Amino acid sequence: MTSIKDARRRLPQELIDSLYDTFTEPIVDKILYGYCDEKYTTLRVNTLKYDIHSLMNYFKQINIKFERVSWYNDALILKNAKEKDIQKLDIYKNGYIYLQNLSSMIPPIVLEPKEGEKVLDVAAAPGSKTTQIASMMKNTGYILANEVDHIRAERLRHNIQLQGANIIEVRESRGEILGDEIKDYFDKVLLDVPCSGEGIITIDNPKSIRGWSLKEVEKLSKLQKKLFESAYKALKPNGIMVYSTCTLNKKENELVIDWAINNFKIKILDLNLKSNSFINAFSDGLHKDIKKAIRVLPSKEYEGFFVCKIQKLAP
Ligand SMILES: C[S@@+](CC[C@H](N)C(=O)[O-])C[C@H]1O[C@@H](n2cnc3c(N)ncnc32)[C@H](O)[C@@H]1O
C-alpha cells in the first residue's frame with residue numbers, strides 16, 4: 001500500500017502547498033491517508049423499486065457484510081465486496097440499488113426535496129443525486145436535470161431510466177444561462193458544480209490527479225460563481241439551494257459562498273447532519289455563517305466534499 005510519504009512525492013507540489021496553506025498538519029496527513037486508502041464500496045437502495053430491509057436480508061443470504069450509515073437509512077457500507085462484484089448482481093442490473101459514495105448522498109439529504117416540488121439540478125450527470133432526489137420525492141413533482149456534456153447527458157438518461165425515475169426532464173445546456181430563462185421558479189436547486197476534484201484523488205489512479213492545477217482551480221471558481229448566479233435566479237424567493245463540490249480548497253468552496261453572501265440576498269442555513277467524519281467549514285475573515293457549511297475529509301468511507309445549504313431571501 002502507498003505510504004503518505006509516497007503520496008507527498010507523487011502529488012503536484014502546488015497541491016501539497018495548497019493543502020498546507022489551508023489545513024493544519026494533522027488534517028493534511030488525514031487527507032493524504034485518505035488519498036492512499038482503498039475505498040469501501042458504498043451504495044443506496046433505490047426506494048422507487050426496493051427497500052433497505054429486503055436489501056439487507058438479501059446481502060445476508062449471499063454473505064455480503066455491511067454496516068449502516070448513522071445519518072441515512074437507505075445507505076450501506078459494504079465490508080467484503082468490490083463494486084465489480086456488485087455490478088454482477090441482478091439488483092444492480094435492474095436498478096434496485098445505486099453505487100454511490102456516501103459523501104455524494106449528502107447534498108440531496110440536505111436539500112430535503114419533498115413530494116410534488118419543482119427541483120432544478122444544474123449540473124446533473126451521471127445522475128447519482130438526481131435519481132436520489134427523485135426517489136426521495138417518491139416520483140411526484142418535477143425535476144429539471146441539466147448537463148452541458150452530451151455524452152454525460154446520455155449516461156444521465158440511461159441511469160434515470162434504469163432507476164425508474166419518471167419525473168425528470170433532461171436538458172442539455174450551459175448551466176449559466178438557465179437563470180435568465182427560468183426565473184423565480186424552483187422550490188429547490190441543487191448546484192453540484194464542476195470542480196477540481198481534490199476530494200476524489202486516489203494516489204494509485206494517476207487519472208484522478210491529471211487535471212489538477214492552480215490555474216484550473218482559479219478558472220473553475222469563476223465558472224462556479226456564474227453557475228451560482230444562474231441557480232439563484234432560477235430559485236423561488238424563500239427557496240432552498242444546496243451548493244456542493246468534491247474539492248477541498250477554499251477558492252471553490254468558502255470563497256464562492258462568501259462572494260455569494262456579498263452579492264445576493266441569501267442566508268446560510270444549518271445542515272442538521274452530524275457525524276464525526278464532517279468538520280465545519282472555515283469562516284476566519286469571512287462571513288461567520290459560512291461555518292454552518294461542512295467539509296468531509298477523504299477516508300475509507302468518504303470522498304472529500306463540501307456542502308453548504310442556502311436560502312434565497314424574499315426581495
Ligand atoms: C460534479 S459533476 C456532477 C455530478 C452529478 N451531480 C451527480 O451527482 O451525478 C459536474 C457536472 O457538471 C458538468 N458541467 C460542466 N460545466 C458545466 C456547465 N457550464 N453547465 C452545466 N453543467 C456543466 C460536467 O460535465 C459534470 O457532469
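**Annotated domain, ligand shell and local backbone features**

Over residues 31-313 the chain is 34% helix and 24% strand. The end C-alpha atoms of this stretch are 36 Å apart. The model is a predicted one. An unreviewed UniProt entry places the feature "domain: SAM-dependent MTase RsmB/NOP-type" at residues 31-313.

The surroundings of the ligand were examined next. The ligand has 18 residues around it. Ala123, Ser128, Gly175, Asp192 and Pro194 come nearest. By class, the shell holds 7 charged residues, 6 nonpolar residues and 5 polar residues.

Cysteine 246 carries an annotation from the record. The unreviewed UniProt entry gives "active site" for Cys246. In the model, cysteine 246 sits in the loop that runs between strand E9 (235-245) and helix H13 (254-263). Cysteine 246 has 24 other C-beta atoms within 10 Å, so this residue counts as buried; the cut-off for burial is 20 or more. Its contacts were listed without neighbours within four places in sequence. On that basis, cysteine 246 touches Cys195, Gly197, Gly199 and Ile200, and also Glu303, Gly304 and Phe305.

Strand E9 also holds a backbone feature. Asparagine 238 lies in this strand. Its phi is positive, at about 75°, although the residue is not a glycine. Asparagine 238 counts as exposed because it has 11 C-beta neighbours inside 10 Å, and the exposed class takes 12 or fewer.

A positive phi is also found at asparagine 63, again not a glycine, with a value of about 60°. Asparagine 63 belongs to the loop between helix H4 (52-61) and strand E2 (66-69). Asparagine 63 has 8 C-beta neighbours inside 10 Å and therefore counts as exposed.

The peptide bond between alanine 125 and proline 126 is cis. Omega is about 5° at this bond. Proline 126 is part of the loop between strand E5 (118-121) and helix H8 (128-136). Ser128, one of the residues that come nearest to the ligand, has the number at which helix H8 (128-136) begins.

In outline, the buried residue described here is cysteine 246, the residue covered by the "active site" annotation in the unreviewed UniProt entry. Asparagine 63 is exposed, and asparagine 238 is exposed as well.

Note on methods:
Residues numbered from 1 in each chain as written. Predicted model: local features only at pLDDT ≥ 70, side-chain atom pairs only at ≥ 80, totals over all residues. Near = placed C-beta within 6 Å. Nonpolar A, V, L, I, M, F, W, Y, C, P; charged D, E, K, R; others polar. UniProt positions renumbered as here; feature names shortened; annotations may be inferred. Helix = DSSP H or I, 4+ residues; strand = E, 2+ residues; numbered from the N terminus. Contact = placed C-beta atoms within 7 Å.
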